[in-house]
Amino acid sequence: MNTPESPARPQPTCYLGRIVGGGHTHSYGFVTDWAGLDPGEQIQVFRDAEMLTAGIVDATMPDGTGVWLIQHKGLGRRLYLQCDDLRIAKPHPVSA
């Protein structure tokens with residue numbers, strides 16, 4: 001007996017241009033405008049509530065759709081894209 005297969009889960013699609021609406025970067029917390037990140041800034045990359053990695057911004061895509069990150073712990077340089085449902089946060093400053 002044939003049973004219908006469950007539909008495949010659609011994959012996210014990247015489009016040229018801004019994926020997430022414009023906004024302002026903040027001194028810490030989640031960043032809405034990735035193009036506003038500066039090389040040398042410390043950031044954390046999240047998917048949902050899970051932190052995937054942390055590191056130092058090496059470069060950003062001019063349209064804000066991606067960021068090159070030099071990851072901590074010797075994990076190398078990697079490109080992260082907004083269309084992969086990622087969020088970037090600036091860590092809270094540590095009090096002395």
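User: What does partly exposed mean here, and what is the relative accessible area of Arg77?
Analyst: Buried means under 20% relative accessible area and exposed means over 50%, with partly exposed in between. The model is a predicted one. Arg77 falls in the partly exposed class, because its relative accessible area is 47%.

User: Which residue forms a salt bridge with Arg77?
Analyst: The partner of Arg77 is an Asp, with the closest N and O atoms 2.6 Å apart. Arg77 lies in strand 5 and the partner in strand 3 (residues 50–60), so the pair ties together parts that are 19 residues apart in sequence. The partner is partly exposed, with a relative accessible area of 30%. The residue is Asp58.

User: Is Glu41, which forms a salt bridge with Lys90, buried or exposed?
Analyst: In the salt bridge of Lys90 with Glu41, the closest N and O atoms are 2.7 Å apart. Lys90 lies in strand 6 and Glu41 in the loop between strand 1 (29–31) and strand 2 (42–47), so the pair ties together parts that are 49 residues apart in sequence. Lys90 has a relative accessible area of 9% and is buried. The value for Glu41 is 19%, and because the cut-off is under 20%, Glu41 counts as buried.

User: Where in the chain is Asp85, a member of a patch of negative charge?
Analyst: Asp85 gathers with Asp48, Glu50 and Asp84 in that patch on the surface. Asp85 is exposed, at 56% relative accessible area. Its place is the loop between strand 5 (76–81) and strand 6 (87–90).

Conventions: Residues numbered from 1 in each chain as written. Predicted model: local features only at pLDDT ≥ 70, side-chain atom pairs only at ≥ 80, totals over all residues. Heavy atoms only, no water. Patch = residues over 30% accessible without salt bridge, like charges linked within 9 Å, V, L, I, M, F, W, Y side chains within 5 Å. Areas by Shrake-Rupley, 256 points an atom, 1.4 Å probe, with all protein chains shown as cover. Salt bridge = Lys/Arg side-chain N within 4 Å of Asp/Glu carboxyl O. Lys, Arg positive; Asp, Glu negative; His and termini not counted. Charge placed at Lys NZ, Arg CZ, Asp CG, Glu CD. Helix = DSSP H or I, 4+ residues; strand = E, 2+ residues; numbered from the N terminus. Buried < 20%, exposed > 50% of the residue type's maximum accessible area, 1.4 Å probe, protein only.
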